[in-house]
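Open the model in your viewer and keep the sequence beside it. Which selections give a newcomer a way in?

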Amino acid sequence: MIVCVCRRISDREIARHARAGMSFDEIQFELGVAMQCGRCESCARDVVNQCCATQPVAAIHNQAQTVQLANSIVESKAWPSSQHLSAV
């Protein structure tokens, strides 16, 4: 179902980010949900609250065909982050 009409963001997309360990504020920054008219904020927050963010996130490396489990998407080496980029 579409939660944010202004940005055309679905509950599935919000849930995917929440299950990856992102907070509502991080999801709002990433997707832009509840940033225009704001009418979807309570529904978007409900979707985030219903998701279990404690499950590990699987990150698949295309070249090596290996699967890595991380507690959050930020910890995954498959996703570049500011920490990884600053260390390079």
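The tour below goes from the whole chain to its helices and then to its cysteines.

**Start with the whole chain.** This is a predicted model. Color it by secondary structure. Look for four helices and four strands. From the N terminus, their order is β-β-α-α-α-β-β-α. Now color by burial. Of the 88 residues in the protein, 34% are buried. Next, turn to contacts between residues at least 6 apart in sequence: 33% of them join residues at least 24 apart.

**Select helix H1, residues 11-19**. Which residues of H1 are buried? Show Ile14, Ala15, His17 and Ala18 as sticks, for these are the buried ones. Look down the axis of H1: they fall within an arc of 165°, so they line one face of the helix. A general rule helps here. An α-helix has 3.6 residues a turn, so residues three or four places apart point the same way.

Keep the buried residues of H1 on screen and add their partners. They pack against strand E1 (2-4), E2, H2 and H3. Then turn to the face of H1 that points away from the buried side. Arg12 and Arg16 are the exposed residues there. Click on Arg16, which lies in H1. Its relative accessibility is 52%, and it counts as exposed because the cut-off is over 50%.

Step past the end of H1. Just after the helix, Gly21 takes a positive phi of about 100°.

**Select helix H2, residues 24-31**. Its buried residues are Phe24, Ile27, Gln28 and Leu31. Sight along the axis of H2. These residues fall within an arc of 100°, so they too line one face of their helix. What covers them? The cover includes strand E2 (9-10), helix H1 and helix H3 (41-50).

Rotate to the face of H2 turned away from its buried side. Asp25, Phe29 and Glu30 are exposed there. Then move just beyond H2 to Gly32, where phi is positive, at about 85°.

Before leaving H2, draw a distance from Ile27 back to Arg16. The two residues are eleven apart along the chain, and their C-alpha atoms are separated by 9.9 Å.

**Show H2 and H3 together.** At what angle do H2 and H3 pack? The angle is about 120°, and the axes are 10 Å apart. That makes H2 oblique to H3. On the H2 side, the contact is made by Phe24, Asp25 and Ile27. On the H3 side, select Glu41, Ala44, Arg45 and Val48. Now check the handedness: the crossing of H2 and H3 is right-handed.

**Finish with the cysteines.** How many disulfides does the structure hold? The count is zero. Zoom in on Cys6. The nearest cysteine sulfur to that of Cys6 belongs to Cys37 and is 3.7 Å away. Cys6 is in no disulfide, because a disulfide needs sulfur atoms within 2.5 Å. Cys6 is partly exposed, with a relative accessible area of 39%.

Now go to Cys40, which is in no disulfide either. The nearest cysteine sulfur here is that of Cys4, 3.8 Å away. Is Cys40 buried or exposed? Its relative accessibility is 7%, so Cys40 counts as buried.

Conventions
Residues are numbered from 1 along each chain as its sequence is written. This is a predicted model: local features need pLDDT of at least 70, side-chain atom pairs count only at pLDDT 80 or more; totals for chains, interfaces and linings use all residues. Side-chain values use heavy atoms; hydrogens and water are left out. Buried means under 20% relative accessible area, exposed over 50%, partly exposed in between (1.4 Å probe, protein chains only). Helices (H or I, at least four residues) and strands (E, at least two) are DSSP runs, numbered from the N terminus. The arc is that of the directions from the helix axis to the C-beta atoms. Contact means heavy atoms within 4.5 Å. Axes are lines fitted to C-alpha atoms, for helices over the stretch in contact, and angles run from 0 to 180 degrees between N-to-C directions. Angles under 35 degrees count as roughly parallel, over 145 as roughly antiparallel, 65 to 115 as roughly perpendicular and the rest as oblique. A crossing is left-handed if the near helix is turned anticlockwise from the far one by less than a right angle, and right-handed if clockwise.
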